[in-house]
Amino acid sequence: MKNIYICLSLLAVIVLGTACNNEWEDEQYEQYVSFKAPIASGGDGVTTIYVRYKDNGKVTYQLPIIVSGSTVNGQDRDIRIAVDKDTLETLNIERFSLYRPELWYTEMEEDKYEFPETVHIPAGSCVEQLNIDFSLQGIDMLEKWVLPLTIVDDGASDYQSHPRKNYAKALLKVVPFNDYSGSYTASSMKVYTYINGKPDNNARTTNKRTGYVIDNNSVFFYAGLINEDMDKDIRKKCKINVHFKEDGTLDMEPDDPTNEMEFKLIGTPIYSSTSIMDATRPYLERRYVQIMFEYDFQDFTYGGSGTEVIPIKYRVEGSMTLQRNINTQIPDEDQQIEW
């Protein structure tokens, strides 16, 4: 009986040994094609990309296209890329509803970008770059610009796009930046309401204000406490353009030539720029831009009975500070900034 058990054990070992092969050398997954465009948590379904604004407004962004799988891509593939308007429209409706169009993302204008319709991925390569050439001169950041892309495939293609929609789609929210754009700490900016012809003593504040790119040395802010959730037509009339001059002073003027908000600058606004290296992370440079200003403006966003508008005058004074953290170990400027 003992010999029988031994024989059976040997037989089992032989069978198992015969059945085994180097299965890790075989493809374990489908070799789908996808974008590398991760959606940040709370990002409203889009991928924010930061591109440096240059003097002529032209800049190239490289979007990776990936062939997934556990083995190296073994064939030449020509991947077709197209603009995907339908997905962007669906996203706007699902995220913001039909009733809040002022919050919608806006498809990027066709004259503001260019990219090849086909990207070649050779055998032996799993990643290639889609070069998107942006032409941002004159861009109006009143809008939330998105370039919606999709991987196109059909029965005749030598590839298959990834079945997960957020892998085969790339909804790129394009945010140009310069040395002065971004999120400013605004708790030191005070907003006073005019009562009986003079500012009252009850200051209102907000934590953050955003400076949006106009050109290489200019940004715009919305006046007072006006924010991105307000009607687009109102925001358009409440833009204050700020130009940073080499002598440390600022030019501040309303973007709307009719100046319906009756913007009036008080004194000469100034700014300062400083940078320090982090004490615990010596490779990290902290850059600060502080702007100081005082101005009056009239807010006409409040309606009374019917369509009547009740303008309210405000005094705004104080300072705002931009902090930008730079990882000096990374060579690419758009990636070295900790956004």
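Where is the place of Thr249 in this chain? Thr249 sits in a loop, the one that runs between strand β17 and strand β18, the latter covering residues 250–254. I begin with this residue because, at 17% relative accessibility, Thr249 falls under the 20% cut-off and counts as buried. Its side chain also has a partner, since a polar contact of 2.6 Å joins the side chains of Thr249 and Asp247.

Before going further, I should say that what we are looking at is a predicted model. The protein chain has an average pLDDT of 88, and 89% of the residues score at least 70. Among the elements of the chain, strand β17, residues 239–244, has the highest mean pLDDT, at 98, while helix α1, residues 2–19, has the lowest, at 50.

Let me turn to one of the sheets. Five strands make up an open sheet with mixed pairing, and their order across the sheet is β6-β8-β3-β1-β10. Strands β6 (113–114) and β10 (160–161) stand at the edges, and each has a single partner strand, so one side of each is left without a neighbour in the sheet. Within this sheet, strands β3 and β8, the latter covering residues 127–135, run antiparallel and are joined by nine bridges. Tyr61 is a residue to look for here, as it stands opposite Ile132 in β8.

Tyr61 brings us to the pockets, because we meet this residue again in the second largest one, where Thr48, Ile49, Tyr50, Tyr61 and Asp334 are the lining residues that lie nearest the centre. That pocket has a volume of about 820 Å³, and its lining consists of 30 residues. Strand β2 gives the largest share of this lining, with six residues, and β2, β3 (58–67) and α5 (333–336) each supply at least two. By class, the lining of the second largest pocket divides into 13 nonpolar, eight polar and nine charged residues.

The largest pocket holds about 960 Å³ of space and is lined by 44 residues. Nearest its centre lie Gly182, Ser183, Thr210, Tyr212 and Glu228. The elements that give two or more residues to this lining include β2 (47–52), β11 (169–177), β12 (182–185) and β22 (312–327), together with helix α4 (232–237). Strand β15 provides the largest share, with six residues. In the lining of the largest pocket there are 20 nonpolar residues, along with 12 polar and 12 charged ones.

What remains is the enclosed space, and how many cavities of 30 Å³ or more does the count come to? The count comes to one, and the largest cavity has a volume of about 80 Å³. Its lining includes Met189, Arg209, Phe221, Tyr222, Ile240, Val242, Met252 and Phe293. Two or more of the lining residues come from each of β16, β17 and β21 (284–299), and β21 gives the largest share, three residues. By class, the lining of the largest cavity has 10 nonpolar residues, one polar and one charged.

To finish, I would come back to strand β17, which has the highest mean pLDDT among the elements, gives two or more residues to the lining of the largest cavity, and stands on one side of the loop that holds Thr249.

Conventions
Residues are numbered from 1 along each chain as its sequence is written. Side-chain values use heavy atoms; hydrogens and water are left out. pLDDT is the predictor's confidence in each residue, from 0 to 100. Helices (H or I, at least four residues) and strands (E, at least two) are DSSP runs, numbered from the N terminus. On a 1 Å grid over the protein atoms alone, a cavity is a set of points where a 1.4 Å probe fits but cannot get out, and a pocket is an open set with protein on both sides within 12 Å along at least five of seven lines; lining residues have an atom within 4 Å of a point. Grid points are joined across faces, edges and corners, and a volume is the space filled by probe spheres set on the points. Ala, Val, Leu, Ile, Met, Phe, Trp, Tyr, Cys and Pro count as nonpolar, Asp, Glu, Lys and Arg as charged, and the others, Gly among them, as polar. Two strands pair if DSSP finds at least two bridges between them. Buried means under 20% relative accessible area, exposed over 50%, partly exposed in between (1.4 Å probe, protein chains only). A polar contact is a pair of N or O atoms within 3.5 Å; within protein, one must be able to donate a hydrogen and the other to accept it, and residues adjacent in sequence count only if both atoms are side-chain atoms.
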